[in-house]
Amino acid sequence: MAAHTSVDPESALDRLVDEGVVEAHADGSLTTTEAYERTRVVYHDTYGNADEATVVQALSEVFDVDREAVAAYVDEHDVGPADLVAYLSLQSFLDPVPDRELLATMAALVVEVGPGSPVPGQLDELDDDSYEAFLAEHPDAVLTVWKTGCHPCDAMKDDLDEILGRVPDGVAVAGLDGESIPSFRLEYGVDSAPAVLAFSDGTLVESLTGRRSPVALEQFFAVVYGDDDTVDPVAAVEAAADRDDGSVEFVDADADVDE
């Protein structure tokens with residue numbers, strides 16, 4: 001949407017930083033901010049997997065331009081759902097809203113920058129190319145799945161150090177960005193975050209979704225990795241009357257949000 005623009009991209013990027021959309025890190029890398037991501041996720045859940053016809057219709061309405069002209073532009077410049085999501089998100093996030101040309105340039109920059117990983121820094125991060133090797137090396141492991149713009153995920157991160165302290169000795173822990181691991185999610189049926197999957201001898205024993213307390217997860221781990229195989233791990237958590245502050249489904253799941 002920013003092709004043939006007269007807007008200086010560097011000035012647009014500086015404004016994105018000033019407005020709290022993009023964060024510049026000490027190592028020179030750039031990511032979109034958590035504050036912006038909380039806005040983006042709303043539009044991502046609506047348009048993140050939109051087909052070309054939906055993108056064209058939405059852009060036609062946004063720019064008040066004939067659909068045929070928009071369709072030709074979308075096809076020529078490879079405009080997709082991510083560009084539409086970024087444009088609408090910035091339109092909602094920025095106050096005052098820039099003119100269309102500047103906003104389109106900003107949207108293109110934001111798509112290029114992208115969010116940082118939602119996986120907490122305390123965890124080794126895995127992806128579709130590495131989780132199998134990790135489980136081969138660590139057959140007893142707890143894998144956690146996170147999502148950007150997921151309030152229950154953010155809340156659970158506050159308890160993460162305590163949760164890690166309750167994982168049994170000898171059980172490895174790692175994290176995955178749920179929006180970039182389609183193979184892992186398909187194999188293990190993960191459709192929302194946060195999720196906690198407990199593996200024993202390299203096989204998934206049980207999984208939980210939603211924010212869970214450190215105490216309940218300790219009971220869950222104790223049952224999964226303990227000697228008593230007559231107790232169901234999930235039942236143990238439910239019996240503890242654990243809080244479940246909800247989970248957020250991934251955009252390609254059937255429902256949008258379950259909180």
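Is Glu-37 buried or exposed? The legends below take up this question in a predicted model, moving from two close-up views to the whole protein.

**View 1. Glu-37 and its surroundings in helix α2.** Welcome to the first close-up, which is centred on Glu-37, a residue of helix α2. With a relative accessibility of 3%, Glu-37 counts as buried, because the cut-off for that label is under 20% relative accessible area. Leaving aside residues up to four places away in sequence, the contacts of Glu-37 are with Thr-32, Pro-115, Thr-148 and Gly-149.

**View 2. Thr-39 and its contacts.** Staying with helix α2, which spans residues 34–47, we come to Thr-39. Its relative accessible area is 17%, so Thr-39 also falls under the 20% cut-off and is buried. Which residues does Thr-39 touch, not counting those up to four places away in sequence? They are Ser-89, Ser-92 and Phe-93.

**View 3. The protein around these two sites.** Stepping back, you can place both close-ups in a protein with 12 helices and 9 strands. The protein has 259 residues, and 46% of them count as buried; Glu-37 and Thr-39 are buried too. Among contacts with a separation of 6 or more, 72% are between residues 24 or more positions apart. As for the outside, the protein exposes about 12,700 Å², with 45% of that area supplied by carbon and sulfur atoms.

How values were computed
Residues numbered from 1 in each chain as written. Predicted model: local features only at pLDDT ≥ 70, side-chain atom pairs only at ≥ 80, totals over all residues. Heavy atoms only, no water. Helix = DSSP H or I, 4+ residues; strand = E, 2+ residues; numbered from the N terminus. Buried < 20%, exposed > 50% of the residue type's maximum accessible area, 1.4 Å probe, protein only. Contact = heavy atoms within 4.5 Å. Areas by Shrake-Rupley, 256 points an atom, 1.4 Å probe, with all protein chains shown as cover.
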